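Student: I have a model to go through with you. Could we take it piece by piece?

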Amino acid sequence: MQRRHMEDIVGEKYLISNVENDEFKYSKAYKEAGLKFKPIKSKFENRKYQTIDLRFVKGDLTVLIETKDNFADVEDKAEDQLSAYVEYEKGLNNNNIIAILANTTQGVNSKDVKVWRGTVSDRDLLPKETVLKSIEEYEHFYTTKTNNKEEVTQNTYALNELLNAEGIKEKLRSQFVGTCLLVLKNTKANLTSKDMNTDMILGEMKRVLGELLNHDVNKAEKIALLDKNVLDNQDVKSLSSSVFRHILDEIKNKILPFIDDQSTAGQDLLNLFFVTFNKYVGKADKNQAFTPDHITDFMVKAINVNRNSIVLDPTCGSGSFLVRAMTQALDDAATAEEQEKIKKHQIYGIEYDENIYGLATTNMLIHGDGNSNISQGSCFDFKDDIPKWKINKVLMNPPYNATKAQVPSSFVKEWNSKTKRDPSKGLYFVKYIADEVKTGELAVLLPMAAAIGNNKVLKNFKEKILAENTLKAVFSLPDDIFYPGASVQACCMIFELGQRHNNNIPTFFGYYKNDGFSKRKNLGRIEKVDKDGNGAWHEIEKEWLDLYRNKKVVVGKSAMQCVDASDEWLAEAYMKTDYSTLKESDFQQTINDYLSYLVKEGKIYEV
């Protein structure tokens, strides 16, 4: 394929060149941008890489093409060269990247292009991409089709009904399906074949899990837990062969196609699957508040997780924060080596519940590993370990109503004799983790009561936290953010750790109640779409981040206010109302909400 033909296919109007022959020289681009250029030396010969053959840019996407007569003849060298250009590109801007090797001699190879999304590594290779495409088509590798989210949610609901009918108990379902997904994704065996009976299926599942955890220092412990909680569970072992095959067939055909760990869209859909399934678990425990995927995405971006971040979630649940943080960091990585370092040394999680810990391990394995540093136990048991991990980013959604058994006895001694649940509403967890991590940023989901409350206990914890840390921002989130799980109203707080709060410097408060999602019976909260199928969240998230990062005060959406421990930490207390947007239905809804509150509190009785 001639270079001219490549330009026509990808889109000539998006071609960016700064030297002759339509090539792009990075040393020149860096100089013009006022950046220091550090050339990368070839691993194979005495030369330094500087100039990419073809570079196309459209919005936040860059397509890089390095041409060869036949790249199969010099594949290692060509990949090394292309990897250098990807690293240069990441240093030049924050664009998403599609990297391509392309043959100029037609028919010399079984495929004439080799395509990667993000980095030139095995993880980001797109093996099914064997022909050159337009830049608009490559944009889809970084976008999520909203209707797919709804479809996978519907499929998940139907799967839940099937598992219920076949006797798989509610608490087991998420981990069972996650394990099935993991095995189906990594086995060459046809588990749905009529030749496979239940014992054979379970044997193959154990074999695959063993291989996947082969390089994990906690391998034995994790396999033992998955064996005990899933594969050796009597509900699973007693499945008839035909029923087991039917369940696997449903997962294979109706869930697995939506999961692609080489695509950000795949990450979104898989987290949506786990969150949706865990909402059913939440029926048995309304204190379980599993964070929706789009909120984890927002929080990860709000604290700027990148390839240099070392992330901790001390109450990691099913691992949604860890998955999102790992994805964000991997997207920022420039080389395969950086990606491996992130997965092995920069993602840490702790989970108290043994079953959910197994789910977190499975979740991370499905996303291409990163599970090595997930530990089971109470975060209070890791007091000596946390400082050694050198954490600089914390993401957490701690228990809001922790029992006496879930917190240290030294804290319980401070409780009133009638108190049965954590009176700090999760602030005790924040204080503990902030003290151990010491520096960096911490983003936490907490109930509104923690932000509003000025009783003695809450005020005391606020004072202790602000004595060592700065409250940078608080975002009021949608009232039904955890629907249909926990009913608590939540906010997100962001702290700068290790820097005493200055009462004279304003904190940002965002009134982020509209996230573009609405409640749907049996499906939870589903993203709204326009007539063209475009989801609302993408633009809303951009606005939320822009308001926060640029500290913009917008009537009805945000405020800047100096606060201390005695103040309310929420936008509603300081934000001006945009009366121009109010409708009669808003007044009616407010009255309805207030009446519902009075009934719930027993202050008036339903007629």
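Tutor: Helices (H or I, at least four residues) and strands (E, at least two) are DSSP runs, numbered from the N terminus. This is a predicted model, in which local features need pLDDT of at least 70, side-chain atom pairs count only at pLDDT 80 or more, and totals for chains, interfaces and linings use all residues. Residues are numbered from 1 along each chain as its sequence is written, and side-chain values use heavy atoms, with hydrogens and water left out.

Student: Where is the place of Asp80?
Tutor: Look at residues 75–92, which form one helix. Asp80 sits in that stretch, helix α3.

Student: Which side chain of opposite charge is nearest to Asp80, and how far away is it?
Tutor: Asp80 is buried, meaning under 20% relative accessible area, with exposed over 50% and partly exposed in between (1.4 Å probe, protein chains only). Lys and Arg count as positive, Asp and Glu as negative; His and the chain ends are not counted. A salt bridge needs a side-chain nitrogen of Lys or Arg within 4 Å of a carboxyl oxygen of Asp or Glu. Asp80 has none, and the nearest candidate is Lys43, 4.1 Å away.

Student: Which residues does Asp80 touch, not counting those up to four places away in sequence?
Tutor: Contact means heavy atoms within 4.5 Å. By that rule Asp80 touches Ser42, Lys43, Phe44 and Tyr49.

Student: Which strands does α3 lie across, and at what angle does α3 run to β6?
Tutor: The strands are β5, β6 (61–68), β7 and β8. Axes are lines fitted to C-alpha atoms, for helices over the stretch in contact, and angles run from 0 to 180 degrees between N-to-C directions. To β6, the angle is about 155 degrees.

Student: Why is one side of β5 and of β8 left without a neighbour in the sheet?
Tutor: Two strands pair if DSSP finds at least two bridges between them. The open sheet runs β5-β6-β7-β8, with mixed pairing. β5 (54–58) and β8 (113–117) stand at its edges, so each has a single partner strand.

Student: Which residue of β8 stands opposite Ile100?
Tutor: β7 (residues 96–103) and β8 pair in the antiparallel sense over 5 bridges. Opposite Ile100 stands Val115.

Student: In what order do the 9 strands of the other open sheet come?
Tutor: The pairing in this sheet is mixed. The order is β11-β10-β9-β12-β13-β15-β14-β16-β19. β11 (374–376) and β19 (558–561) each have a single partner strand, so these two are the edges. Neighbouring strands here are turned against each other, direction ignored, by an average of 15 degrees.

Student: Is β16 parallel or antiparallel to β14?
Tutor: β14 (residues 470–476) and β16 are joined by 4 bridges. Val474 stands opposite Phe509 in β16. The two strands run parallel.

Student: Which residues of β19 stand opposite Thr507 and Phe508?
Tutor: β16 (residues 507–511) pairs with β19 in the antiparallel sense, over 4 bridges. Thr507 faces Gln561. Phe508 faces Met560.

Student: How many residues of β16 are buried?
Tutor: β16 is largely enclosed by the rest of the structure. The buried count is 4 of the 5 residues.

Student: Why is helix α12 largely enclosed by the rest of the structure?
Tutor: α12 spans residues 293–302. The buried ones include Asp293, Phe298 and Ala302. The helix is largely enclosed because the buried residues number 9 of the 10.

Student: What phi does Asn304 take?
Tutor: Asn304 comes just after α12. Its phi is positive, about 55 degrees.
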